[in-house]
Amino acid sequence: MHGIPRKALTEEEQGASSLKSTKLRDLQSQVLHFHHNKIYTKEAIEISAKLLESNPEHYTGWNYRKLAVQYRLNRRFITALKKIPDEEELQYTTDMIYDNFSNYSAWHNRSVLLSNLMEKGGNRYDKENVLGEEYEFVRNALFTDPDDQSGWFYHLWLLDQTLKQEPVFLSSWPPNGSNLYLSLDGRLKGQQSLPILHFQSKARKFPLVLYFSEAVEGVSSSTVTVEYQDGDTLLWTPLSANNFGFSQAWLTYLKFPDEVPSSEALPVKVTIAHFPGITSSSGMPCSQSCHISFSVCVTSDDQEHSEVQSSHRISWKEENFKARATQSLEANLLHSFSKLEITKENKPSTPKWSMEIISTEIAHCRELLSTTNCKIGKLTLARLLMAHKTLISYGSPGDGTEVHYEDILALYQDLMKMDPAHICYYEDDYSLVLLKQLTSNIESLLKRCDRYQEFSSPSTNPYLCVRLNGLSLSRIGSTEHLLWVQMLDLSHNKLRSIEGLETLQLLSCLKLSHNRLCSFTSLEPLKKLKYLEVLDISHNEIGAHSIDTRRYLCSSPLTHAVGGDWYFQKFVDGDVKLNNHWDAYLLFKDLNLVQLEMIGNAVGDERFKAFLLKLMPELKWLDGEKCR
Amino acid sequence: MEHLRLNGAYWGLTTLDVLGKLNAVDPDEVVSWVMECQHESGGFGGNVGHDPHMLYTLSAIQVLALFDKIDVLDVEKVANWKHNDEANYSFRFSYVAICSLALLHRLDKINVERAVKYIVSCKNLDGGFGCTPGAESHAGQIFCCVGALAITGSLHHVDKDLLGWWLCERQVKSGGLNGRPEKLPDVCYSWWVLSSLIMIDRVHWIDKKKLVNFILDCQDKENGGISDRPDDAVDVFHTYFGVAGLSLLEYPGLKAVDPAYALPVDVVNRIFLAK
């Protein structure tokens, strides 16, 4: 079937071929006859041998043979599995690799063996020593033939082993050191006119979000202590797809203070990893406990202005945005948020050798790239430089050199030119690095914050809107710095997925117009945003693609992950044309939007709009028009 | 290829459906032939009179699904049939069992959690999956594992970025995809690698146009059909995977194919969403 050259058969060859098939079919029917009638004579077995010789994959033939041999010989075969000790096997892979560097299998086996040996521990297989030697070993391969992939994949594994560390708590909302104003009806008064510290909810509860450096499990009232009021037992949920047990961001809700109005601010103290139990998906424990403190108070209700804030439409008009001066009150607030970042207590010590190894590898990589323009080498250098930055942010003492985001971005731009087949891969990485750069310090983030005030309705509250539009972003990251964001503009980018947005629990207004969203399933993260009211997904590609690449990444009957709330047929109400919109049903049934824009996609006829109105009873504005 | 006629039927008929030409065959004829391949134990053999095997049982269910005739089966009987061949156990079988039972709405017949745990134990350090724990990553195995995880709603166990990069690096200069580093491209990998990339939403990391051209180059324009590599002999196996691959790449004029069940999307939607 594989590797057979295509050529037209001559008459002679055709004749021979059909003769062969007849012979085979004849053999086959004989063997089937023996098999069904349990005939195990020597002659019968020989015939089966002939069949299997021409057709070694004839499953039934083999079955017959097995039974026949068992019957005749009546012996049990004992297979002895020789256990070769790991060290010998390791030497074997060394020999194989020296023999031929391009030996992915040998490198793979080597990584498995070393993983086991490092895990077992002992002096000989101390992580620092092993990694040091292995980097040197693979360097030979890389310098000899930089274009061979095998060594580079191994190098990537070594890098992953070097950076592996305990999960760390990164940020929270409410932020450490903040004072949060809570209200029922959304009116801000006087000094409380700072939208980012104001939270409104008729349900009298507010979210508490904890964000970690990697996906962890085990965040619960047994591992995280919250000192507040009476101290009810809190229920923590992971902000992940399918409520999968591991997530970077975890959520719980705290009740408003019992006394209303409270003149004093109530303190809240959260101790993360107070008791052991939080672990990463690779099994590393979050052993260092740390704490954050903030306070809350309830503002008095202003009976006169109890009209609902959201009865006015958000137009997203440019004229409604006003740039913030950096010397404003909000600037100071954001500064204080970022101070939380990592206090000394929170930082675990990353071993010194990690940083040393990374610096050495950066130097070697640069040396290699000075002589050969090798694609994976460049990508590896970009990854090493990012690793360097990450280690510093986690508290590693620097090595004197400074890595600039601009250099990393420039490397990716080179790669996009060198390897255009994989341009989207590099664009995704580029987006992540760019977002890291924008959120890495408060000044650059502030440049992207504008105050939004609806011109036509000056009585409504202003928002502080983060504007990440027009940046060619294809992917979202660095959300640990954006947990406080209530209004976000991601329009005019290249977003195909919005993974990461589920952690921005405060989002109330979101603009995703003019992106590359291809399906309703790609909007699944929005289902976790309980306060989202205004959504603009206009001018995307929803409904324009026959293939849905997120079909198996959301909870639906397809992934056997839907509970008793699947009432699709009831909503469709016999309308066959709507049968295709199961993904819209899945999304909008859990959203409580007040305003939706979706013009400019390949869905959205009148029937569909009626369907949406049924799903979202609170919806007031659809594509700019009042719909009730 | 008599012993895998049922597989061949699945490949051929699904290709016809994707091309919109399933009406070229008589459904009753096909269905009755498929049922003749059923063994008294409940499983299906590769052809009439052949021993039952998981692989053929899945093909049987898939063929019946194409014609919306799964109801001719005694579902309990098929679901209860056990494949008894521990010695030749291969990873493919986890996927095949899960796929078969899911199509029959009988996933409760196995301990899904345990099956997922075992699959995850075969996850490699490069993000891929091997045929047993510790075995080297291979695109065929990756498809089986990713497919099984997709059907059971367990794709969060996959490091999509790491695996996605390993998979997108399967695209070689000619535009075709290979199954492992440094190997030759092959049209059937356009399915195994491509469908895996689709399921984890990383297909944009390859050059789709170049892959389309590679598959089209593997056609035998005189006699029809698609081969594993340009200028090689054609067969129904590669024809199916070439056409299915083109469908995943949104080549115009083809019905959409579901990456996990390897059946047309309308067939899969009919089975799972029309309740």
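## A bridge between β14 and β15

In β15(A), the bridge partner of D489(A) is K511(A). The model is predicted. The two strands concerned are β14, residues 487–489 of chain A, and β15, residues 509–511 of chain A. They pair in the parallel sense, over three bridges.

D489(A) has a partner in β13(A) as well: R467(A) stands opposite D489(A) in β14(A). β13(A) and β14(A) run parallel and are joined by three bridges.

## Strand β13 and its other neighbour

β13 covers residues 463–467 of chain A. The strand is mostly covered, with five of its five residues buried. Its side chains split by direction. Y463(A), C465(A) and R467(A) point one way from β13(A). L464(A) and V466(A) point the other way. R467(A), the residue opposite D489(A), is thus among the buried ones.

β12 of chain A, residues 449–452, pairs with β13(A) in the antiparallel sense. Four bridges hold this pairing on record. One of the partnerships links Y452(A) to Y463(A) in β13(A).

## The sheet as a whole

These strands belong to an open sheet of nine strands in chain A. The order is β11-β12-β13-β14-β15-β16-β17-β18-β19, and the pairing is mixed. The edge strands of chain A are β11 (321–323) and β19 (625–626). Each pairs on one side only.

The mix shows up around β13(A). The pairing with β12 is antiparallel, whereas β13(A) and β14(A) run parallel. The parallel sense also applies to β14 with β15.

## Chain B: helices and overall form

Chain B has twelve helices and zero strands. From the N terminus on, its elements run α-α-α-α-α-α-α-α-α-α-α-α.

The C-alpha trace of chain B spans about 50 × 45 × 35 Å along its principal axes. How does the radius of gyration of chain B compare with that of a compact globule? For 275 residues, such a globule would have a value near 19 Å; chain B has 18 Å, so the two agree.

## Chain B: packing, surface and charge

Of the 275 residues of chain B, 64% count as buried. Among contacts in chain B with a separation of 6 or more, 65% come from residues 24 or more positions apart.

The accessible surface of chain B comes to about 10,100 Å². Carbon and sulfur atoms account for 51% of that surface. Chain B carries 25 positive and 35 negative charges. Their mean positions are 6 Å apart.

Conventions
Residues are numbered from 1 along each chain as its sequence is written. Chains are lettered from A and ligands numbered from 1 in the order in which they are written. This is a predicted model: local features need pLDDT of at least 70, side-chain atom pairs count only at pLDDT 80 or more; totals for chains, interfaces and linings use all residues. Side-chain values use heavy atoms; hydrogens and water are left out. Two strands pair if DSSP finds at least two bridges between them. The radius of gyration is taken over C-alpha atoms; the globule rule is 2.2 Å times the number of residues to the power 0.38. Buried means under 20% relative accessible area, exposed over 50%, partly exposed in between (1.4 Å probe, protein chains only). Contact means heavy atoms within 4.5 Å. Accessible areas come from the Shrake-Rupley method with a 1.4 Å probe; for residues, only the protein chains shown count as cover. Lys and Arg count as positive and Asp and Glu as negative; His and the chain ends are not counted. The place of a charge is taken as NZ of Lys, CZ of Arg, CG of Asp or CD of Glu.
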